[in-house]
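Here are some short exercises to help you find your way around a structure that may be new to you. Try each task by yourself before you read the worked solution.

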Amino acid sequence: DFGLDLMAAYTYGQSKGVNDGTSSQAYSNWSYNENWRGSNNPEVSYTDFDQPHRIIASASYKVSYGKNFATSVALFYNGNSGSRYSLCYNGDLNKDGVNGNDLLYVPTDAEVDAMNFKTLTGLTPDQQKIDLKGFLASEESGLSDKRGGYAERNELMTPFEHHFDLRLMQDFYIMVGSRKHTLQVNLDVLNIGNLFNRAWGTVNSPGYSYTPIKAESVTADGAATFSFTKPSNNKLYNQSDYNSRWRAQIGVRYIF
């Protein structure tokens, strides 16, 4: 009765499948579906659209004063699980003619020592092995407990995200006969947290897959030569620059 409105909701979901059908072409849906058993034998795993947790909440307050004015302020919160993504080899390790769809086998330290690495500019094979071991053992990679097995499709997830939007709204009332006419002016500040701190309200974007290990070549009998360049901060995803920014918009509405 005094103008306060509160709302909160939580949803939980789980989405799994064998092929998400994200392309408009059948060949692309078949060939770029990440797998380790072959494109004709995909496993059931999390979909690209899986979002386990989502929280939304809003608080708004409206006060009327005089005979012709009302002011409202509202804050909306959206918190959700991050994006799902896969970890694949860069290249065509299984020689099926498709690059980037082979799910990564996460090697143990002993298996890394047995791998063949190509010399890169400024990086010897031994240095690449040291970097790969450190990367796989890091907390940021999320792979320390997956050594000795394949990373499942969409097994990894970016961090939980928090976003706030603010709305300020001013109403001007005019009575024309028995009908009330309202001129409404509003200011929306989207992702307002980022206005105060550039580390707030960020959106992480890994794409559908990340390819930290490159299969440089594969012989006819299946012997592979790899290369590895350590990702920045051991993170497997980037920030979406545009979606992480705060934005503002002004609106005008006439209600009669």
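**Exercise 1.** In this predicted model, decide whether Asp145 is buried or exposed, and then find its salt-bridge partner.

*Solution.* Step one: look up the relative accessibility of Asp145, which is 62%. The cut-off for exposed is over 50%, so Asp145 counts as exposed. Step two: look for a side-chain nitrogen close to its carboxyl group. Asp145 forms a salt bridge with Lys146, and their closest N and O atoms are 3.8 Å apart. Step three: check the partner. Lys146 has 18% relative accessibility and counts as buried. Step four: see which residues are linked to this pair. A network of salt bridges links Asp145, Lys146 and Glu155.

**Exercise 2.** Find the salt-bridge partner of Asp188 and say which strands the pair ties together.

*Solution.* Step one: the partner is Arg167, with the closest N and O atoms 2.6 Å apart. Step two: Asp188 lies in strand β12 and Arg167 in strand β11, so the salt bridge ties together parts that are 21 residues apart in sequence. Step three: compare the surroundings. Asp188 is buried at 7% relative accessibility, while Arg167 is partly exposed at 32%.

**Exercise 3.** A search of the whole structure finds 10 salt bridges; work out which parts the one between Arg84 and Asp50 ties together.

*Solution.* Step one: the side chains of Arg84 and Asp50 meet at 3.0 Å, N to O. Step two: Arg84 belongs to strand β6 (residues 84–90), whereas Asp50 sits in the loop between β3 (45–46) and β4 (53–65), so the pair ties together parts that are 34 residues apart in sequence. Step three: check the accessibility of each. Arg84 is buried, with a relative accessible area of 10%, and Asp50 is buried too, at 3%.

**Exercise 4.** Write down the strand order of the six-stranded open sheet and find the strands at its edges.

*Solution.* Step one: the order is β1-β4-β5-β11-β12-β17, with antiparallel pairing. Step two: β1 (4–12) and β17 (247–255) each have a single partner strand, so one side of each is left without a neighbour in the sheet, and these two stand at the edges. Step three: follow the sheet across; its twist averages 15° from one strand to the next.

**Exercise 5.** Count the bridges between neighbouring strands, going from β5 to β17.

*Solution.* Step one: strand β5 (residues 69–80) is joined to strand β11 (residues 161–176) by 12 bridges, and Phe76 stands opposite Asp165 in β11. Step two: β11 and β12 pair over 11 bridges. In this hairpin there are two residues between the strands, and Gly177 takes a positive phi near 65°. Step three: nine bridges join β12 (residues 179–190) to β17, where Ile250 is the bridge partner of Leu187.

**Exercise 6.** Where do Lys95 and Asn154 lie, and is each buried or exposed?

*Solution.* Step one: Lys95 lies in the loop between β6 and β7 (105–106). Lys95 is not a glycine, yet its phi is positive, at about 55°. With a relative accessible area of 55%, Lys95 is exposed. Step two: Asn154 lies in the loop between β9 (149–150) and β10 (156–157). The phi of Asn154 is near 55°, a positive value in a residue other than glycine. Asn154 is buried, with a relative accessible area of 0%.

Conventions: Residues numbered from 1 in each chain as written. Predicted model: local features only at pLDDT ≥ 70, side-chain atom pairs only at ≥ 80, totals over all residues. Heavy atoms only, no water. Pairing = 2+ DSSP bridges. Helix = DSSP H or I, 4+ residues; strand = E, 2+ residues; numbered from the N terminus. Axes fitted to C-alpha atoms, helices over the stretch in contact; angles between N-to-C directions. Salt bridge = Lys/Arg side-chain N within 4 Å of Asp/Glu carboxyl O. Buried < 20%, exposed > 50% of the residue type's maximum accessible area, 1.4 Å probe, protein only.
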